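Look at the structure below and follow the strands from one to the next. The paragraphs after it lead through sheets, cores and pockets in turn.

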Amino acid sequence: MYLIERSPILIACALAIATPAFAHKYLGHDRNRPLPPVVTPAVTSSETQAGKAPSDAIVLFDGSSLDAWVATDGSPTKWVIKDGAMECVPGSGYIRTQEAFGECQLHIEFATPDNGRSSQGGGNSGVFFGGERYEVQVLNSYQNKTYADGSCASIYNQFPPEVNASLPPGKWQTYDIIWTPPSFDADGKCTAPAYLTVFHNGVLVHNRRALIGETGWLERPPFTKHPEKLPISLQDHGDPVRYRNVWVRPLGSDKRRDFVLPQATLDRYVGFYKGEHSKEADTQILRKGDSLLLKMYGTEIPLRTGSATHFYGNEVDIQINFTPDGKSLRFSVGEGEGDLRKKVE
């Protein structure tokens with residue numbers, strides 16, 4: 001026992017367990033942190049024209065419509081389309097996807113304005129995963145000095161990119177990002193961190209980087225429990241940054257579609273429903289947070305959101321389609337289906 005206690009291998013293992021998974025030797029936005037070395041990326045077609053999405057991708061923006069995007073609260077976005085790109089209107093607020101995503105591959109192209117400003121004023125925006133929790137910075141970092149963990153392609157306030165692969169402002173640039181959300185147990189404890197792999201203009205700048213928590217400006221918040229699937233967001237930081245050719249490929253085994261609807265839309269469906277000649281018990285739709293519950297025969301079944309009118313069960317193949325006005329629904333389960341109308345109070 002004495003020898004085992006002094007075993008170098010066991011001591012090393014004990015130290016590894018006792019040492020935090022990430023011990024940061026730099027302060028947030030540390031002025032003394034080395035800047036990433038500059039590299040010149042290979043010339044790609046993205047400098048002249050947007051590429052095409054893979055056949056299995058969900059296209060979030062192809063230059064023709066902002067239908068896949070809304071303001072943070074679910075209202076129509078005030079961002080605009082100009083010359084085939086969506087452009088941030090300063091002061092209009094963040095935008096987010098209507099659809100929620102877990103582990104995924106995101107492709108997005110951006111161009112920062114040539115506004116003559118320096119440091120963080122040089123065409124600032126950001127690509128966020130997990131709602132607005134985890135940011136990959138967008139900035140003009142071409143011959144524009146700023147703090148390392150706030151430069152273009154940084155995981156904001158955590159990790160600078162391995163190299164600075166930025167092109168001049170006004171040029172189209174690309175991000176190809178692999179996102180893996182964190183995992184939590186039933187008590188809300190984080191059991192696995194979030195990971196980001198980022199290619200900037202075809203250059204690998206983060207290789208499955210384990211995040212230390214949520215990103216923030218003046219703090220480094222720990223991971224807090226949240227749904228696996230949440231919208232992707234783009235930041236309004238007061239600059240008319242442009243985006244185009246945005247597509248995403250869901251990864252992992254669960255590729256079912258999930259949307260995040262405004263609470264007003266969900267509330268439209270809440271109520272009691274019954275068949276016209278049915279003598280069976282009422283079917284009830286309830287809202288719980290950002291989702292709906294189906295209560296039938298005393299059982300509450302959480303529903304996932306497949307579109308603005310389509311909902312489905314997570315573990316039971318129940319399909320519900322509402323009319324847009326929320327006055328009736330069609331449900332199906334197994335071989336049975338039926339139409340129900342909302343009861344008038």
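**A walk through the strands**

Strands β19 and β20 run antiparallel and are joined by five bridges. Strands here are DSSP runs of E with at least two residues, numbered from the N terminus, and two strands pair if DSSP finds at least two bridges between them. The model is a predicted one, in which local features need pLDDT of at least 70, side-chain atom pairs count only at pLDDT 80 or more, and totals for chains, interfaces and linings use all residues. Residues are numbered from 1 along each chain as its sequence is written, and side-chain values use heavy atoms, with hydrogens and water left out.

Within the pair of β19 and β20, Arg287 stands opposite Leu292 in β20. The hairpin of these two strands has two residues between them, and Gly289 takes a positive phi near 65 degrees there. On its other side, β19 (residues 283-288) pairs with β18 through three bridges, again in the antiparallel sense. Tyr273 has Thr283 in β19 as its bridge partner.

What do these strands belong to? Eight strands close into a barrel, in the order β18-β19-β20-β21-β22-β23-β24-β25, with antiparallel pairing. From one strand to the next the twist averages 30 degrees; for this, axes are lines fitted to C-alpha atoms, and angles run from 0 to 180 degrees between N-to-C directions.

Further along the barrel, β22 (residues 310-313) and β23 (residues 318-322) pair over three antiparallel bridges. His310 has Asn321 in β23 as its bridge partner. Five bridges then join β23 to β24 (residues 328-333), and these two strands run antiparallel. Ile320 stands opposite Phe331 in β24. The hairpin of β23 and β24 has five residues between the strands, and in it Gly326 takes a positive phi near 75 degrees.

Six bridges join β24 to β25 (residues 336-342), also antiparallel. Here Ser328 has Arg341 in β25 as its bridge partner. This hairpin has two residues between its strands, and Gly334 takes a positive phi near 60 degrees.

Lys274 lies in β18 (residues 271-274). Is Lys274 buried or exposed? Its relative accessibility is 29%, so Lys274 counts as partly exposed; buried means under 20% relative accessible area and exposed over 50%, with partly exposed in between (1.4 Å probe, protein chains only). Lys274 and Gly338 are 64 residues apart along the chain, yet their C-alpha atoms are separated by 9.8 Å.

**An open sheet**

Another group of strands forms an open sheet. Its five strands have the order β2-β5-β15-β8-β9, with antiparallel pairing. β2 (69-71) and β9 (134-138) stand at the edges with a single partner strand each, so one side of each has no neighbour in the sheet. Inside the order, β5 (residues 95-97) and β15 (residues 233-234) run antiparallel and are joined by two bridges. Ile95 stands opposite Leu234 in β15.

**Cores**

In soluble globular proteins, nonpolar side chains tend to be buried together. A nonpolar core is a set of buried Ala, Val, Leu, Ile, Met, Phe, Trp, Tyr and Cys residues joined through side-chain atoms within 4.5 Å. The largest one has 41 residues, of which Val127, Tyr175 and Tyr243 touch the most other members. Several strands each supply at least two residues of this core, including β1 (58-61), β8 (125-129), β10 (173-180) and β16 (242-250). β7 gives the most to this core, with four residues. A second, separate core has 18 residues, among them Ile285, Leu292, Leu294 and Phe311.

**Pockets**

A pocket is found on a 1 Å grid over the protein atoms alone: it is an open set of points where a 1.4 Å probe fits, with protein on both sides within 12 Å along at least five of seven lines, and lining residues have an atom within 4 Å of a point. The largest pocket has a volume (the space filled by probe spheres set on the points, which are joined across faces, edges and corners) of about 1,000 Å³. Its lining has 43 residues, of which Ala100, Pro227, Lys229, Leu230 and Asp258 lie nearest the centre. β21 gives the most to this lining, with four residues.

The second largest pocket has a volume of about 260 Å³. It is lined by 16 residues, and Val38, Ser141, Tyr142, Gln143 and Asn164 lie nearest its centre.
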